[in-house]
Amino acid sequence: MRGGTEILDRARHQELMSLADECLVSWNPVRLFGSGLGSEAIPAAAKESLRWIHRNLAAIDDYFSRNSLDFSDLLPGKNAHTTLAEVVLYSFLEFVEEIYGLDLTQGSGEVVFDVYGREAKQVYLKLRDFYQSFKARDSAKLEVASGDVAADAIKAGGRSWHEGVF
């Protein structure tokens with residue numbers, strides 16, 4: 001159950017909120033040192049921060065799987081309630097995709113070494129399900145007239161990556 005009032009539900013919500021917050025914090029060095037919107041080109045620093053984001057995304061995907069969360073209730077017409085943690089997570093994923101052109105829920109599909117030196121496959125099936133379901137909600141639609149969409153110049157800078165980041 002998402003957003004329940006039981007102590008375990010609150011703890012799970014805090015767990016997700018913490019992981020989503022870590023993604024937000026870790027994104028700043030990625031954009032600062034790796035994209036055309038940053039102030040200094042240090043691709044190795046951006047790449048390392050991106051590895052930490054993937055570690056957090058894997059933990060979120062595992063969280064969704066462990067708790068057997070079903071996101072079909074997020075689809076239009078279902079009128080499901082969302083938690084603050086889910087809104088923060090979705091906002092992060094949407095921001096990165098819209099400005100920087102990266103859908104982090106895709107993963108590479110490859111087996112890589114995570115930040116702890118362990119082999120990990122970059123596949124986020126439950127995270128992708130969450131993102132696609134949330135994205136279909138009317139409340140998540142971006143409207144140009146409302147200023148929800150960044151200018152093309154900003155997107156161009158954000159989608160310009162220094163060599164060695166990926």
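Colleague: In which element is the place of Leu-24?

Modeller: This is a predicted model, so what follows describes computed positions. Leu-24 is partly exposed, with a relative accessible area of 39%, a value that falls between the 20% limit for buried and the 50% limit for exposed. As for the element that holds Leu-24, its place is in helix 1.

Colleague: Leaving aside its neighbours within four places in sequence, which residues is Leu-24 in contact with?

Modeller: A part of the chain that is remote in sequence comes into view here, since Leu-24 and Leu-89 are 65 residues apart in sequence but 8.6 Å apart in space, C-alpha to C-alpha. Once neighbours within four places in sequence are set aside, the residues in contact with Leu-24 are Val-88 and Phe-92.

Colleague: What pattern does the protein chain follow when read along the sequence?

Modeller: The secondary structure of the protein chain is made up of five helices and two strands. Taken in order along the sequence, these elements give the pattern α-α-α-β-β-α-α.

Colleague: What radius of gyration does the protein chain have?

Modeller: The C-alpha atoms, boxed along the principal axes, fill roughly 45 × 45 × 25 Å. For 166 residues, a compact globule would be expected to have a radius of gyration near 15 Å, and the protein chain agrees with this, its own value being 16 Å.

Colleague: What percentage of the contacts in the protein chain with a separation of 6 or more comes from residues 24 or more positions apart?

Modeller: Of the 166 residues in the protein chain, 38% count as buried. Turning to the contacts with a separation of 6 or more, the share that joins residues 24 or more positions apart is 71%.

Colleague: Which elements do the aromatic pair Trp-27 and Tyr-100 link, and how many residues apart are the two?

Modeller: A search of the whole structure finds 14 aromatic pairs. One of them joins Trp-27 and Tyr-100 in an edge-to-face arrangement, with 5.1 Å from centre to centre and 70° between the planes. This pair links distant parts of the chain, with Trp-27 in helix 1 and Tyr-100 in helix 3, and the two are separated in sequence by 73 residues.

Colleague: Is Tyr-100 buried or exposed?

Modeller: Its partner Trp-27 has a relative accessible area of 4% and is buried. Tyr-100 also has a relative accessible area of 4%, which means that it falls under the 20% limit. Tyr-100 is therefore buried.

Colleague: Does Phe-166, which forms an aromatic pair with Trp-161, count as buried or exposed?

Modeller: Trp-161 and Phe-166 form an edge-to-face pair, with centres 5.1 Å apart and planes at 75°. The relative accessibility of Phe-166 is 54%, and because the limit for exposed is over 50%, this residue counts as exposed.

Colleague: Against which helices do the buried residues of helix 4 pack?

Modeller: Helix 4 covers residues 125-135, and its buried residues are Leu-127, Phe-130, Tyr-131, Ser-133 and Phe-134. Ring pairs link Tyr-63, Phe-64, Phe-71, Tyr-90, Phe-130, Tyr-131 and Phe-134 into a cluster. The buried residues of helix 4 pack against helix 2 and helix 3.

Colleague: By what distance are the C-alpha atoms of Asp-61 and Tyr-124 separated?

Modeller: Asp-61 lies in helix 2 and counts as buried at 10% relative accessibility. Beyond its neighbours within four places in sequence, Asp-61 is in contact with Val-123, Tyr-124, Leu-125, Lys-126 and Leu-127. Although Asp-61 and Tyr-124 are 63 residues apart along the chain, their C-alpha atoms are separated by 5.6 Å.

Colleague: Which residues is Ser-49 in contact with, leaving aside its neighbours within four places in sequence?

Modeller: Ser-49 is found in helix 2, and at 13% relative accessibility it counts as buried. Apart from neighbours within four places in sequence, the residues in contact with Ser-49 are Ser-26, Pro-29 and Val-30.

Colleague: What is the phi of Ser-68, which is not a glycine?

Modeller: Most residues other than glycine have a negative phi. Ser-68 is found in the loop between helix 2 and helix 3, and it is exposed, with a relative accessible area of 62%. Ser-68 is not a glycine, yet its phi is positive, at about 45°.

Terms used: Residues are numbered from 1 along each chain as its sequence is written. This is a predicted model: local features need pLDDT of at least 70, side-chain atom pairs count only at pLDDT 80 or more; totals for chains, interfaces and linings use all residues. Side-chain values use heavy atoms; hydrogens and water are left out. Helices (H or I, at least four residues) and strands (E, at least two) are DSSP runs, numbered from the N terminus. The radius of gyration is taken over C-alpha atoms; the globule rule is 2.2 Å times the number of residues to the power 0.38. Buried means under 20% relative accessible area, exposed over 50%, partly exposed in between (1.4 Å probe, protein chains only). Contact means heavy atoms within 4.5 Å. Rings of Phe, Tyr and Trp (its six-membered ring) pair if their centres lie within 6.5 Å; planes under 30 degrees apart count as stacked, over 60 as edge-to-face and the rest as tilted.
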